[in-house]
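This report covers one protein chain. It begins with a single side chain, then turns to charge pairs, the surface and the overall fold.

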Amino acid sequence: MKDNSKSSALAYAKALIAICAILVIAFEFSASYLLKHRSPTYARISLQYEEALKTRPSRPGEPPSVLMVGNSLLLHGVELDRLKALTANSMQVYPIFLEATGYYDWLYGLRRLFRRGARPQVVVVGVGVNYFLKNGVRQDYAPMLFFDAEDTLAVASDLHLDRTATSNLLLGHSSVFWDTRSVIRTQILNHMVPHLEDLFLLVNQKPAIPENPEFEEVSILRLRRLRELCEANGAKLILLVPPTLSSESAVNKMAYAAHIAGVNVSVRLIQTYFRQGFTNETECISIPRGRCFSRQH
């Protein structure tokens, strides 16, 4: 009797494991299909990423290659077609813009790009002060598209993540379903609840900006790490601080931190810099209001 019970339990366990395996495979293939055929964000980022991998130092007489990375402030604030048209003779622009990304997303995102062979002459980083000082990474898209497994572990170490959060990042890197589960859930809710995105904008608050001296300590350290990473790979770093509402004080603090860290800084994207050539001096560069930005944030 006991042998029959053990055999039945073992059979049920095997059946349960088989069902779970089938569901995991089904979810993974479904998520992969939806991502590749129904996600404008993935299509845009994948194309931009592949183009960025082609960046190389320009030959004599050619404009320098410029890798521009940032979040929604650049995605919605920069008219790329117009920017490329205005700067066609002075630089080759390769953008990668992903919403809700910050310092750690791009620190390790740039590391992976350099490791995979990208060699821009200039790297422009523009994420806004709030997200530059944020302690965290975007939980979807970034782990899968921007990080290797070693990057994921390094991010977890930098952020002092617990085992659960570290496991989530690793799964997000290796599993399409796990990485995009929140995106899929949001899309389902968008079809069920009208104006859900507007509600999220009200609920999701921007990261807080620390006060001095923490502001200076954190920002200077992070800017130096980015500058050293870029310089080690033959690129010059420019910090682009997108103008935001009620942010004059924070922008001024960030500009000062960039000066201390030896990083070129611009409050508005500039064209004349690339015509003048690259210098080792920290300088604040300006462009006439509205020249490249379609709207202010």
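Asn71 counts as buried, because its relative accessibility is 2%, and the cut-off for buried is under 20%. The model is predicted. Asn71 sits in the loop between strand E1 (65-70) and helix H3 (72-75).

What does the side chain of Asn71 reach at 3.1 Å? The partner is the backbone oxygen of Thr101. Thr101 is also on the contact list of Asn71, which leaves aside neighbours within four places in sequence. That list runs through Phe97, Leu98, Glu99, Ala100 and Thr101, then adds Gly126, Val127 and Tyr131.

**Charge pairs**

Glu99, one of the contacts of Asn71, also takes part in a salt bridge with Arg44. The structure holds nine salt bridges. Side chains of opposite charge can pair when their charged atoms come close. Three of these pairs are set out below.

| Salt bridge | Closest N and O atoms |
|---|---|
| Glu99 and Arg44 | 3.2 Å |
| Asp148 and Arg112 | 2.7 Å |
| Arg227 and Glu231 | 3.3 Å |

Take the pair of Glu99 and Arg44, with its closest N and O atoms 3.2 Å apart. Glu99 lies in the loop between strand E2 (92-97) and helix H5 (103-115), and Arg44 in helix H2 (residues 40-52), so the pair ties together parts that are 55 residues apart in sequence. Glu99 is partly exposed, at a relative accessible area of 22%. Arg44 is partly exposed too, at 23%.

Next come Asp148 and Arg112, whose closest N and O atoms are 2.7 Å apart. Asp148 is in the loop between helix H7 (142-145) and helix H8 (149-158), while Arg112 belongs to helix H5; the pair therefore ties together parts 36 residues apart in sequence. Is each partner buried or partly exposed? Asp148 counts as partly exposed because its relative accessibility is 22%. Arg112 is buried, with a relative accessible area of 12%. Both residues belong to a network of salt bridges that also links Arg115 and Asp151.

The pair of Arg227 and Glu231 has its closest N and O atoms 3.3 Å apart. Both residues are in helix H12 (residues 214-232). They are four residues apart, so about one helical turn separates them. Glu231 is partly exposed, with a relative accessible area of 48%.

**Surface**

Which residues make a nonpolar surface patch of about 280 Å²? They are Ile19, Leu23 and Phe27. Phe27 is found in helix H1 (residues 2-38). At 43% relative accessibility, Phe27 counts as partly exposed. That value clears the patch cut-off, because patches are made of residues with over 30% relative accessible area.

The accessible surface of the protein chain comes to about 16300 Å². Carbon and sulfur atoms account for 57% of that area.

**Overall fold**

The protein chain has 297 residues, and 43% of them count as buried. Asn71 is one of the buried residues, and Arg112 is another. Secondary structure in the chain comes to 14 helices and six strands.

How many of the contacts between residues at least 6 apart in sequence join residues at least 24 apart? The share is 80%. The salt bridge of Glu99 and Arg44 ties together parts 55 residues apart, because one partner is in a loop after strand E2 and the other in helix H2.

Conventions
Residues are numbered from 1 along each chain as its sequence is written. This is a predicted model: local features need pLDDT of at least 70, side-chain atom pairs count only at pLDDT 80 or more; totals for chains, interfaces and linings use all residues. Side-chain values use heavy atoms; hydrogens and water are left out. Patches are made of residues with over 30% relative accessible area and no salt bridge: like charges are joined within 9 Å, nonpolar side chains (Val, Leu, Ile, Met, Phe, Trp, Tyr) within 5 Å. Accessible areas come from the Shrake-Rupley method with a 1.4 Å probe; for residues, only the protein chains shown count as cover. A salt bridge is a side-chain nitrogen of Lys or Arg within 4 Å of a carboxyl oxygen of Asp or Glu. Helices (H or I, at least four residues) and strands (E, at least two) are DSSP runs, numbered from the N terminus. Buried means under 20% relative accessible area, exposed over 50%, partly exposed in between (1.4 Å probe, protein chains only). Contact means heavy atoms within 4.5 Å. A polar contact is a pair of N or O atoms within 3.5 Å; within protein, one must be able to donate a hydrogen and the other to accept it, and residues adjacent in sequence count only if both atoms are side-chain atoms.
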